[in-house]
Amino acid sequence: MYEKTYPNKRFKLTLQFLKKHISISETILDLGVNNPFSEIMISEGYSVDNTTGEDLDEDTSTIKNSTANVVTAFEIFEHLLSPYEVLKAIKTDKIVISVPLKLWFSSAYRSKTDMLDRHYHEFEDWQLDWLLEKTGWVIKDRQKWTNPVNKLGIRPILRRFTPRYYIVYAEKQLNSNS
C-alpha cells in the first residue's frame with residue numbers, strides 16, 4: 001500500500017496525538033491488519049494487537065473479546081459500511097480514531113484492483129462527531145491537518161490549505177443508569 005508514497009506527515013502527527021492521550025502502559029487494539037503505523041507504535045513502546053483482516057462489518061468478535069485498554073482506528077472507518085456497529089462493539093473506555101475528510105473537489109477513493117481498498121464513507125468532521133455521540137462516546141480532543149502534495153494544478157493548491165485528515169480522542173460516556 002505504501003510502495004510509492006509514505007505518509008510521513010500523517011504518521012508523525014498521529015503519533016504526537018496518540019502520545020498526548022495514551023500512555024505506553026496502556027494496551028492497544030488497533031483495528032486493521034498489522035501495518036507500518038502499528039510497527040511505529042510498537043517501536044515507541046506501545047503494546048499493540050491488530051485485528052486479523054476479518055470483515056469488521058460482519059465480525060466484531062475480536063473487538064468484543066479484546067482486553068485492551070484502548071482501541072485505535074487509523075484510516076479504517078471510511079472502509080466500513082457500518083462503523084456504528086463497530087463503535088457499539090468496543091468495550092474499552094478510550095478510542096483514538098482518524099479518518100480522511102471529504103474533499104469537495106475530489107471524488108471518493110476507490111481502488112479498481114482491491115475490493116477492500118475503497119472508501120464507502122468520506123467523512124466531514126461533524127459526521128464522525130455525530131457517529132461517536134450516537135454510540136456513547138464523548139470527544140475530548142480533536143485535530144485536523146492538511147496533506148499537501150508536490151504537484152502542479154488546482155487540486156494540489158487546494159490540498160495545501162484544505163484539511164484532509166481528522167483525528168479524535170474520545171472516552172466512553174458514563175451511563176447514568178449504571
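## Notebook: one chain, a few loops and a mixed sheet

I started with Glu-124, which sits in the loop between β4 and α5 (125-134). This is a predicted model, so I'm reading computed values throughout.

**Entry 1: Glu-124.** Is Glu-124 buried, partly exposed or exposed? I found 34% relative accessibility, so Glu-124 counts as partly exposed. Next I looked for what Glu-124 touches beyond its neighbours within four places in sequence, and got Leu-101 and Lys-102. I also checked Pro-100: Glu-124 is 24 residues from it in sequence, and the two C-alpha atoms are 8.6 Å apart. Last for this spot, the side chains of Glu-124 and Trp-126 are joined by a polar contact of 3.0 Å.

**Entry 2: stepping back.** I wanted the whole chain before going on. I counted six helices and six strands. Reading along the sequence, I noted the pattern α-β-α-β-α-β-α-β-α-β-α-β. The chain has 178 residues, and 45% of them are buried. The accessible surface comes to about 10500 Å², with 51% of it belonging to carbon and sulfur atoms. Then I looked at contacts between residues at least 6 apart in sequence: 65% of these join residues at least 24 apart.

**Entry 3: the sheet.** In what order do the six strands lie in the sheet? I read β2-β1-β3-β4-β6-β5, in an open sheet with mixed pairing. β2 (47-50) and β5 (137-145) stand at the edges, and each has a single partner strand, so one side of each is left without a neighbour in the sheet. From one strand to the next, the twist averages 20°.

A reminder to myself: strands of a sheet pair through backbone hydrogen bonds, either parallel or antiparallel. I went through three of the pairs here.

- β3 (residues 70-74) and β4 (residues 94-100) are parallel, with five bridges. I picked out Val-70, whose bridge partner in β4 is Lys-94.
- β4 and β6 are antiparallel, with seven bridges. Lys-94 turns up again here, with Glu-171 as its bridge partner in β6.
- β5 and β6 are antiparallel too, with eight bridges. One of these joins Trp-145 to Tyr-165 of β6.

How much of β6 is covered? Six of its eight residues are buried, so I'd call β6 mostly covered.

**Entry 4: helix α1.** I asked which strands α1 (residues 8-21) lies across. My list reads β1 (27-30), β3, β4, β5 and β6 (165-172). Against β5, helix α1 runs at about 150°.

**Entry 5: helix α2.** Which residues of α2 (residues 36-43) are buried? I have Phe-37, Ser-38, Ile-40 and Met-41. They cover an arc of only 160° around the axis, which puts them on the same side of α2. That made me recall a general point: an α-helix has 3.6 residues a turn, so residues three or four places apart point the same way. As for what covers the buried residues of α2, I noted α1, β1, β2 and β3 among the elements.

I looked at both ends of this helix. At the N-terminal end, Asn-35 is the cap: one of its side-chain oxygens lies 2.8 Å from the backbone nitrogen of Phe-37. After α2 comes Gly-45, and its phi is positive, near 105°.

**Entry 6: Glu-75.** Another positive phi caught my eye, this time in a residue other than glycine: Glu-75 has a phi near 60°. Where is Glu-75 found? I placed it in the loop between β3 and α4 (83-89). Buried means under 20% relative accessible area. Glu-75 has 12% relative accessibility, so it counts as buried.

**Entry 7: Asn-147.** My last stop was the loop between β5 and α6 (154-159), where Asn-147 lies. At 27% relative accessibility, Asn-147 counts as partly exposed. How far apart are Asn-147 and Arg-10, in sequence and in space? I got 137 residues along the sequence, and 7.9 Å from C-alpha to C-alpha. Arg-10 also takes me back to helix α1, which covers residues 8-21.

Note on methods:
Residues numbered from 1 in each chain as written. Predicted model: local features only at pLDDT ≥ 70, side-chain atom pairs only at ≥ 80, totals over all residues. Heavy atoms only, no water. Helix = DSSP H or I, 4+ residues; strand = E, 2+ residues; numbered from the N terminus. Buried < 20%, exposed > 50% of the residue type's maximum accessible area, 1.4 Å probe, protein only. Contact = heavy atoms within 4.5 Å. Areas by Shrake-Rupley, 256 points an atom, 1.4 Å probe, with all protein chains shown as cover. Pairing = 2+ DSSP bridges. Axes fitted to C-alpha atoms, helices over the stretch in contact; angles between N-to-C directions. Arc of directions from axis to C-beta. Polar contact = N/O pair within 3.5 Å; in protein donor to acceptor, adjacent residues only side chain to side chain.
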